[in-house]
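Trainee: I'm new to this one and would like a close look at a single part of it. Could you walk me through one helix and its surroundings, and then show me where the rings come in?

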Amino acid sequence: MQLEEKLETWLQRSIETGDWTANARFITHSWIRDGLKARCITRDLKWGTPVPLEEFKDKVFYVWFDAPIGYISITADYTEHWEKWWKNPEEVKLYNFMAKDNVPFHSVVFPCSLLGADDNYTLVNSLIATEYLNYEDGKFSKSRGVGVFGDMAKETGIPVDIWRFYLLLVRPEGQDSSFSWHDLMLRNNAELLNNLGNFVN
């Protein structure tokens, strides 16, 4: 059986029996609708995981080809029993939560790598994808320093429960939404402190 057939068979079963959001299903199908396509997995960058072949010595692996493989390798780094999770599809249910831009790497690229290895790897059962969470009037960009990230959030001194409340409140479930410092303050004061706080007291 060709890889494309294996992928389609697995996807159909996973989508029917698991929990896949509508956007995860749509994005995945758009990547395979016209059949699997050859895709470049290297980049001409100075940082990243080097390709271990002499003829590609100036290239690194594309991060979203390489990163999901890291899920398995980090597990193996922490325990010699990594196969209990990663080679045990009969007993392990794998859930992925992500923004929509990472869907094809977790629903097509990474599963193809695992199916191609033909070694009984655990594949994703449920893929829950959100829309985009924007920052103020633009997009988050770690490389450009636009947004608020974990280390920055910690440095604000704002308690973690307030972060949890606000991020769950503005989670971009069905459409893009925005993080805003002003909105964080308003929602904290009006909804968390006034409404919920008064209800609890």
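Mentor: Sure, let's start with N23, which is found in helix α2, residues 22-32. Keep in mind as we go that this is a predicted model. Is N23 buried or exposed? At 13% relative accessibility it counts as buried, because the cut-off for buried is under 20%. Leaving aside residues up to four places away in sequence, N23 touches K100, A129, T130 and E131.

Now widen the view to the whole helix. The buried residues of α2 are N23, A24, I27, T28 and I32. They cover an arc of only 160° around the axis, so they sit on the same side of α2. There's a simple background to that: an α-helix has 3.6 residues a turn, so residues three or four places apart point the same way. And what covers those buried residues of α2? The cover includes α1 (3-17), α5 and β4 (124-130).

Follow the chain past α2 and you get to R39, in the loop between α2 and β1 (42-43). R39 counts as partly exposed because its relative accessibility is 44%, and partly exposed lies between 20% and 50%. Its charged end sits over the ring of W31, 3.7 Å from the ring's centre. Another such arrangement has K139 over the face of Y132, at 5.8 Å from the ring centre. For a sense of distance, the C-alpha atoms of R39 and L114 are 16 Å apart, with the two positions 75 residues apart along the chain.

That brings us to the rings. The structure holds 14 aromatic pairs. In one of them, W86 and F110, the ring centres are 6.5 Å apart and the planes stand at 70°, so the pair is edge-to-face. This pair links distant parts of the chain, as W86 belongs to helix α4 (residues 83-86) and F110 to helix α5 (residues 103-117), 24 residues apart. Both W86 and F110 are buried. Elsewhere, ring pairs join Y135, F140, F149, W163, Y166, F179 and W181 into a cluster.

Last, how far can you lean on the coordinates? The chain has a mean pLDDT of 92, and 96% of its residues reach 70 or more. Confidence is highest in α4, at 97, and lowest in helix α8 (residues 181-200), at a mean of 81. As a general habit, where pLDDT is low, the predicted coordinates should not be read in detail.

Conventions
Residues numbered from 1 in each chain as written. Predicted model: local features only at pLDDT ≥ 70, side-chain atom pairs only at ≥ 80, totals over all residues. Heavy atoms only, no water. Phe/Tyr/Trp six-rings, centres within 6.5 Å; stacked < 30°, edge-to-face > 60°. Helix = DSSP H or I, 4+ residues; strand = E, 2+ residues; numbered from the N terminus. Buried < 20%, exposed > 50% of the residue type's maximum accessible area, 1.4 Å probe, protein only. Lys NZ or Arg CZ within 6 Å of the ring centre and 35° of its normal. Contact = heavy atoms within 4.5 Å. pLDDT = per-residue confidence, 0-100. Arc of directions from axis to C-beta.
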